[in-house]
Amino acid sequence: MNVTLSMTIKQHEELKQHLFPMDGKEAIAFALCGRRAGTDRHRLLVRKILLVPHEKCSVRHRDQITWPTEVLPLLVDEAAKRDMAILKIHSHPSDLPRFSLIDDKSDRTLFASLHNWIDGIHPHASAVMLPDGKIFGRAVNKECEFNVLSSINIVGNDIISWYGEEGDRSVPEFVKSHAQAFGLATFDRLSKLRIAVVGCSGTGSVVIEQLVRLGISELVLVDPDYVEERNLNRILNTKMVDAQNNIKKVDVFSSVISDIGLGTQVVVFDRELCDPDVVRAVAECDVVFGCMDGITGRHLLNRLATFYTIPYFDVGVRLEADGNGGIQQIVGSVHYLQPGLSSFLTRNVFTMEALTAESIRKADPQHYKEQVQAKYIKGVNEKRLAVISVNMFYASLAVNDFLSRIHPYRDDHSSLFASTTISLSHSVFDHHPEENTCPSLTPHTGKGDTIPLLEMPSLGRIDQ
């Protein structure tokens with residue numbers, strides 16, 4: 001099985017500081033990990049870190065460490081109760097880029113015990129950090145067989161990934177210009193990524209087009225709607241015949257991507273994000289792009305990305321006409337949301353009042369009208385104008401922000417671009433750094449699969 005490990009940059013920095021105390025000796029830590037136990041991919045998500053005090057280790061040498069087993073019971077109890085994983089991670093101050101024979105013996109003993117203590121079929125993991133912060137690792141199954149972690153991902157202002165096995169280094173002709181601009185390593189990363197695009201209309205269609213031609217390995221596309229004549233002016237690759245035949249938007253893109261023939265695999269869901277199967281599929285992705293107009297969908301995707309430690313790029317566009325053939329404002333924003341840090345709510349993109357109002361409108365339109373008329377809630381803006389030139393501009397901004405975080409090319413540090421807003425009507429370019437955490441979402445970082453899913457009763461059990 002394809003097993004990956006993900007953590008936030010804050011967690012990585014905490015581990016690095018502990019594992020390399022500047023004395024040239026090995027150190028060790030453990031982590032409780034949430035899971036996304038998929039059918040073909042198993043994601044381990046660092047949830048809670050346990051640093052083993054250096055002074056409690058009976059042996060600490062440059063190439064060996066012996067640690068006290070009594071540090072583990074609390075983590076093991078929680079892992080058993082919640083079907084979570086245990087990650088063992090230690091340092092190699094010698095810079096040895098592989099597991100040693102001592103490591104092999106230690107892991108077989110430890111994980112045989114862990115699988116006995118934690119009754120389950122899912123793997124745990126062992127990893128090693130090198131002095132430069134790079135991590136490599138392996139999953140350990142119930143039979144104590146070792147399988148290389150296919151990727152280890154650090155989600156921060158930049159998105160760092162290390163891969164367990166090198167694939168084919170040949171570069172297809174269609175991406176040679178990309179490889180020249182961003183380097184062969186960046187192309188390799190793009191060719192291994194599974195990316196979700198939620199919302200396949202104006203901005204979403206442009207994001208999809210760019211990702212396919214960048215050579216992304218797999219796309220998960222989510223949109224419940226049909227192609228309509230009124231949106232042919234802004235959705236790439238749609239035709240009049242699609243509108244006439246009531247073709248689903250995701251089906252159009254699935255067919256087009258196959259016809260393009262660049263190797264991108266596609267999984268489509270013609271359903272809302274709030275469908276449990278959709279949540280599970282998106283949770284198995286490495287990166288997610290949100291291209292939705294509504295508030296409830298964006299809030300749910302923000303929550304999903306937090307639970308499953310996924311970097312989230314959101315595209316929002318607003319075009320306001322004056323009703324007399326003129327334009328009052330054209331403005332759009334790209335938000336990059338890191339799990340464990342700020343959210344749409346703390347960034348004041350929308351309020352809880354607006355979120356509640358839209359939720360009521362979707363669940364019970366008649367009750368929503370009554371509440372608005374009675375002035376119990378404030379009405380939400382249901383439709384906004386959009387044109388293809390505007391959508392393409394902001395969708396491109398989002399994809400370039402994504403590229404800058406896997407291959408930094410900006411003069412300014414990525415930390416300064418938590419959000420980027422450009423007003424085409426007022427010629428204003430503005431960007432803001434990451435500033436705070438979200439009290440409602442941050443505590444859920446790395447929880448992974450829960451019962452109910454995302455701890456939302458409306459989504460039901462994870463195994464349903």
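Which residue does E434 meet in a salt bridge, and what is the N to O distance? The partner is R347, and the distance is 3.1 Å. Keep this pair in mind as you go through the views below, which show a predicted model.

**View 1. The whole chain, for orientation.** Welcome to the protein chain, which contains 13 helices and 19 strands. It has 464 residues, and 52% of them count as buried. Take contacts between residues at least 6 apart in sequence: 67% of these join residues at least 24 apart. The surface that the chain exposes comes to about 21100 Å², with carbon and sulfur atoms supplying 51% of it.

**View 2. The salt bridge of E434 and R347.** Here is the pair from the opening question, with the two side chains meeting at 3.1 Å, N to O. The partners come from distant parts of the chain, 87 residues apart. E434 lies in the segment after β19 (428-432), while R347 belongs to the loop between β17 (327-337) and α11 (352-363). Are these two residues buried or exposed? Both E434 and R347 are buried.

**View 3. D40 and R194, part of a network.** In this close-up D40 forms a salt bridge with R194, and their closest N and O atoms are 3.2 Å apart. Once again distant parts of the chain are linked, with the two positions 154 residues apart in the numbering. D40 sits in the loop between β2 (28-37) and β3 (41-51), and R194 is in strand β12 (residues 194-198). The two ends have their own surroundings: D40 is partly exposed, with a relative accessible area of 42%, whereas R194 is buried at 9%. Look around the pair and you will find a network of salt bridges that links R36, D40, R194, E218, E284 and D449. The structure as a whole holds 23 salt bridges.

**View 4. The salt bridge of R271 and D277.** These two residues also pair up, with 3.2 Å between the closest N and O atoms. R271 counts as partly exposed, at 30% relative accessibility. D277 is partly exposed as well, at 35%.

**View 5. Strand β18 and its two partners.** Strand β18 spans residues 419-423 and is mostly covered, with 4 of its 5 residues buried. It pairs with β17 in the antiparallel sense over 5 bridges, and on this side S333 has T421 of β18 as its bridge partner. β18 also pairs with β19, again antiparallel and over 5 bridges. Here you can find S423 opposite V428 in β19. The hairpin of β18 and β19 has 4 residues between the strands, and within this hairpin S427 takes a positive phi near 55°.

**View 6. The largest nonpolar core.** Which residues touch the most other members of this core? They are L219, F289 and F402, in a core of 40 residues. Several elements each supply at least two residues, among them β12, α6 (202-213), β13 (218-222) and β15 (287-290). The largest share comes from α13, which provides 8 residues. To explore further, follow F289: beyond its neighbours within four places in sequence, its contacts include I195, V197, L211, F313, A398 and F402. There is also a second, separate core of 33 residues, and V278, L301, L304 and L345 are among its members.

**View 7. An open sheet of 9 strands.** Try tracing the strands in the order β9-β8-β7-β6-β2-β3-β1-β10-β11, and you will have crossed an open sheet with mixed pairing. At the edges are β9 (146-148) and β11 (159-163), each of which pairs on one side only. From one strand to the next, the twist averages 25°. Helix α2 (residues 73-82) packs on the sheet and touches β2, β3 and β6 (85-91). The direction of α2 makes about 5° with that of β2.

**View 8. A parallel pair within the sheet.** This last view brings out strand β1 (residues 2-8) and strand β10 (residues 151-155), which pair in the parallel sense over 5 bridges. A handy place to spot the pairing is M7, which stands opposite I154 in β10.

Methods: Residues numbered from 1 in each chain as written. Predicted model: local features only at pLDDT ≥ 70, side-chain atom pairs only at ≥ 80, totals over all residues. Heavy atoms only, no water. Salt bridge = Lys/Arg side-chain N within 4 Å of Asp/Glu carboxyl O. Buried < 20%, exposed > 50% of the residue type's maximum accessible area, 1.4 Å probe, protein only. Pairing = 2+ DSSP bridges. Contact = heavy atoms within 4.5 Å. Areas by Shrake-Rupley, 256 points an atom, 1.4 Å probe, with all protein chains shown as cover. Core = buried A, V, L, I, M, F, W, Y, C linked by side-chain atoms within 4.5 Å. Axes fitted to C-alpha atoms, helices over the stretch in contact; angles between N-to-C directions.
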